Amino acid sequence: MGLTAKVEGNCDNNNWSQWESTQRPPHKPPTVKGGQKSGAACDHWNRVEQDTQLIKDLGVGSYRFSQRMYDEYGSKAALQTAGTCVKNMLKSHVTIYFAIKQAAEDAGREVHVGIVKDLFQFHAFQWHNLFDHFLAWAMDQIFNVQIINFLRTGKFRFWVPFAACVSYMDSRAPAANDFIGLNYYSHYYVSLWNIITEPVLEAKLMALPQEIMTDMPQCVYPEGLYSALKTMATLGKPIIVTENGIADKHDDRRYLYIRRYLYALSRAIQDGVDVIGYYYWSLYDNFEWCEGYHMKFGLYAVNFDTQERSLRPAAAAFTNVHKAAAAYY
């Protein structure tokens, strides 16, 4: 459902479309900023040939598309459900991996199958506050370590103190990936006080005042990409950066962002990380879940009234590096 709602458009047979159409009480904000709905999105389903040409115009050799699940976590029951969902997804991945590989072998074909992991780093907002340090550690365990450990050892334990505990073991897991996909954007500072008192997610996850912010509640932090690549490299598999990009409606930070993150990527490669691909998010502006059409991630700007695409000036940071790399290799 992920890219169907965000990019392809006219996706109305799912729980997201039902949720975004939910009537909210007058005193509560709409489900999507500005009351927007996904609607036609980028109309990619009907414009795939034209969009394929735009991809070729960038000079790139591949295009990533995918599906994604959406949910909200909060209560104790929801956390237990979340852990169960993650366990089931990991279990399904291992099962499907070997089924696909067997089917490919039977057909005399070679296929490569991997899994994608979102990764954010978490840090204590107040260095002297032990509760903030514990919270940062716990969030890293929940969102990162427990899943990475499963991919490395086959042992999964989704543990949230006093709220949820889900365990699972599959000895086949370490062999169930030909590559690892990494989605990376930024890091967060966390404060136990904010987690308890702030009702809005964006206020719970913080950045430092001196950091350069994107239009999303995320800062520019290329060092984190380097660190994330080193972390994923411990799995011993080739890595594809499957998602990395910036929401920047004024197009005044995108050039800097792309240059810095690609530099971090190159440093990781120089230091021995086996990176075999990089995908910028995104090719063009799209429907960004609860943010609606307000977040401008695209190398191509989209006029959603006419569906016209236009290449943003800062996209040169991406195309120039790609052309230089293509010429080198």
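## Exercises on helix α9 and its surroundings

**Exercise 1.** Work out what span the 17 residues of helix α9 (residues 254-270) should have at 1.5 Å a residue, and compare that with the separation of its end C-alpha atoms.

*Solution.* Begin with the terms: helices (H or I, at least four residues) and strands (E, at least two) are DSSP runs, numbered from the N terminus, and the expected span of a helix is 1.5 Å times one less than its number of residues. For α9 this gives 24 Å, and the end C-alpha atoms are 24 Å apart, which agrees. The model is predicted, so local features need pLDDT of at least 70 and side-chain atom pairs count only at pLDDT 80 or more, while totals for chains, interfaces and linings use all residues. Residues are numbered from 1 along each chain as its sequence is written, and side-chain values use heavy atoms, with hydrogens and water left out.

**Exercise 2.** Find which residues of α9 are buried, and decide how they are arranged around the axis of the helix.

*Solution.* Buried means under 20% relative accessible area, exposed over 50%, and partly exposed in between (1.4 Å probe, protein chains only). By this rule the buried residues of α9 are Arg254, Tyr257, Ile258, Tyr261, Leu262, Ala264, Leu265 and Ala268. Seen down the axis of α9, they fall within an arc of 155 degrees, so they line one face of the helix; the arc is that of the directions from the helix axis to the C-beta atoms. An α-helix has 3.6 residues a turn, so residues three or four places apart point the same way. On the face turned away from the buried side, α9 carries the exposed residues Tyr263 and Gln270.

**Exercise 3.** Locate Asp251 and Gln307, and state the phi of Asp251 and of Gln307.

*Solution.* Most residues other than glycine have a negative phi, and most peptide bonds are trans. Asp251, in the loop between β6 (239-244) and α9, has a positive phi near 55 degrees and is buried, with a relative accessible area of 16%. Gln307, in the loop between β8 and β9 (308-311), has a positive phi near 65 degrees and is likewise buried, at 9%.

**Exercise 4.** Identify the residue that a cis peptide bond joins to Trp281, and say where that residue is placed.

*Solution.* The cis bond joins Trp281 and Ser282, with omega about 5 degrees. Ser282 has its place in the loop between β7 (275-280) and β8 (300-303).
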